[in-house]
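Student: I am new to this structure and should like a close look at a single part. Please take one loop and follow it into its surroundings.

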Amino acid sequence: MDIQKEWGLPDGMTLDVDDNIWVALWGGERVIHIDKDSKEIIQEIKLPCPKVSSCAFGGEDLRDIYITTAAMSDIPSYPSAGSVYKVCLCCCLIGKLICK
């Protein structure tokens, strides 16, 4: 699968219970969810900072995805950079999620 250049570079990754891959995109402000069979992006989680570094599942029944980002003290327009985000996937399994 080819990832659009403007979406950044693949960084940390994890698999879900269906063996689909979730990829943090460094420089791309997002995590993408890729179907293991079709190799198509089936979901994306957009974040308010570009340096998305990794993702992992946790919480009850592994329905939450935790996403790490890198601090960017050199770019003050991203005050939430360096945060860890928790996104509940229990009711948002398809489409685009935007974290605030």
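Student: Is Asp 61 buried or exposed, and what is its relative accessible area?

Tutor: Asp 61 is exposed, with a relative accessible area of 58%. The terms used here are set by cut-offs: buried means under 20% relative accessible area, exposed means over 50%, and partly exposed lies in between, with a 1.4 Å probe and protein chains only. The model is a predicted one, in which local features need pLDDT of at least 70 and side-chain atom pairs count only at pLDDT 80 or more, while totals for chains, interfaces and linings use all residues. Residues are numbered from 1 along each chain as its sequence is written, and side-chain values use heavy atoms, with hydrogens and water left out.

Asp 61 is placed in the loop between strand 5 and strand 6. Strands here are DSSP runs of E with at least two residues, and helices are runs of H or I with at least four, numbered from the N terminus. The backbone of Asp 61 has a positive phi of about 60°, although the residue is not a glycine. For context, most residues other than glycine have a negative phi.

Arg 63 is also found in the loop between strand 5 and strand 6. Arg 63 is partly exposed, at 45% relative accessible area. Leaving aside residues up to four places away in sequence, Arg 63 touches Gly 58, Val 87, Cys 88, Leu 89 and Cys 90; a contact means heavy atoms within 4.5 Å. Arg 63 and Val 87 are 24 residues apart in sequence, yet their C-alpha atoms are 8.5 Å apart in space.

Val 87 leads to strand 7, where the side chains alternate. Tyr 85 and Val 87 point to one face and are buried, whereas Val 84, Lys 86 and Cys 88 point to the other and are not. Strand 6 and strand 7 pair in the antiparallel sense over five bridges, and pairing requires that DSSP find at least two bridges between two strands. Within this pair, Thr 68 has Val 84 of strand 7 as its bridge partner.

The strands on either side of the loop also contribute to the interior. The largest nonpolar core has 15 residues, and those with the most contacts inside it are Trp 22, Val 31, Ile 45, Ile 65 and Ile 67. The elements giving two or more residues to this core are strand 2 (21-26), strand 5 (52-58), strand 6 (64-69) and strand 7 (84-88). A nonpolar core is a set of buried Ala, Val, Leu, Ile, Met, Phe, Trp, Tyr and Cys residues joined through side-chain atoms within 4.5 Å. In soluble globular proteins, nonpolar side chains tend to be buried together.

Another loop also holds a positive phi. Asp 19 lies in the loop between strand 1 and strand 2, has a phi near 65°, and is partly exposed at 47% relative accessible area. Strand 1 and strand 2 form a hairpin with five residues between them; these strands run antiparallel and are joined by five bridges. Asn 20, placed in the loop between strand 1 (9-15) and strand 2, counts as buried at 7% relative accessibility. Asn 20 touches, among residues more than four places away in sequence, Thr 14, Leu 15, His 33 and Ile 42.
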